[in-house]
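Student: I should like a close look at a single part of this chain. Please take one helix and explain how its buried residues are arranged and what covers them.

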Amino acid sequence: MLLDLSAVSVLVIDDNSHMRSLFRAILNGFGIRRISDASDGADGLAVTLERKPDVVICDWVMSPLNGAEFLSILRSDTDTGVATTPVIMVSADARKPVVLKAVELGIHEFLAKPVSPAMLYQRLQRVLTEHRPFVRAVDRLRPAPRGSYEPSAMPAPEVAAAALKAQRSAGGQGTVYL
């Protein structure tokens, strides 16, 4: 299934300028025109708060604020629209403990480097079409694990997309499945 991604906004957070350029080129190839970037987690948080992207693609290993710290702060934000922003975590370190830590912190998807356009498209497609509810995990929100909820009980994708847009335009206030 091919998606029309022309209205989707994506934030790329990576401390490597070549990776940011690569992601920009791949995303442009998918038809995405609203692409922002940041060179570390701190700048990424500022851009996320300002622009409220539809999806964030974030590197795991950065400094001064790494992907884990970015995600922890993002998921703890008091603005539900910000806290529930879909995140695709990217890393050359795809060992099981790293992936499990990223899942625990609330990623939607994990993508191992080197990145292929096909795998990035698959992750984007899943994030944009699979509307997982969020659950409260101690002090932050995170997507519910796959298979832990009844997909038929979720709103249709077009209904969920309209609700998400309304929620974001209202300053992030709205229903989150807790």
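Tutor: A residue counts as buried when its relative accessible area is under 20%. In this predicted model, the residues of helix 2 (residues 41-51) that meet this criterion are G41, G44, L45, V47 and T48. These residues span an arc of only 170° around the axis, and therefore they lie on the same side of helix 2. A general property of the α-helix is relevant here: with 3.6 residues a turn, residues three or four places apart point the same way.

The cover over the buried residues of helix 2 includes three strands, namely strand 1 (9-13), strand 2 (34-38) and strand 3 (55-59). Helix 3 (67-75) and helix 4 (80-83) are also included in that cover.

The setting of helix 2 is a protein chain with 7 helices and 7 strands. Along the sequence, these elements follow the pattern β-α-β-α-β-α-α-β-α-β-α-β-β-α. The protein chain has 178 residues, of which 47% count as buried. Among its contacts between residues at least 6 apart in sequence, 63% join residues at least 24 apart.

A contact between two other helices completes the account. The axes of helix 1 (residues 17-29) and helix 6 (residues 117-129) come within 11 Å and cross at roughly 70°, which means that helix 1 is roughly perpendicular to helix 6. Their crossing is right-handed. On the helix 1 side, F23, I26 and L27 meet P117, L120 and L124 of helix 6. By class, this contact has 6 nonpolar residues, with no polar and no charged ones.

Conventions
Residues are numbered from 1 along each chain as its sequence is written. This is a predicted model: local features need pLDDT of at least 70, side-chain atom pairs count only at pLDDT 80 or more; totals for chains, interfaces and linings use all residues. Side-chain values use heavy atoms; hydrogens and water are left out. Axes are lines fitted to C-alpha atoms, for helices over the stretch in contact, and angles run from 0 to 180 degrees between N-to-C directions. Helices (H or I, at least four residues) and strands (E, at least two) are DSSP runs, numbered from the N terminus. Angles under 35 degrees count as roughly parallel, over 145 as roughly antiparallel, 65 to 115 as roughly perpendicular and the rest as oblique. A crossing is left-handed if the near helix is turned anticlockwise from the far one by less than a right angle, and right-handed if clockwise. Contact means heavy atoms within 4.5 Å. Ala, Val, Leu, Ile, Met, Phe, Trp, Tyr, Cys and Pro count as nonpolar, Asp, Glu, Lys and Arg as charged, and the others, Gly among them, as polar. Buried means under 20% relative accessible area, exposed over 50%, partly exposed in between (1.4 Å probe, protein chains only). The arc is that of the directions from the helix axis to the C-beta atoms.
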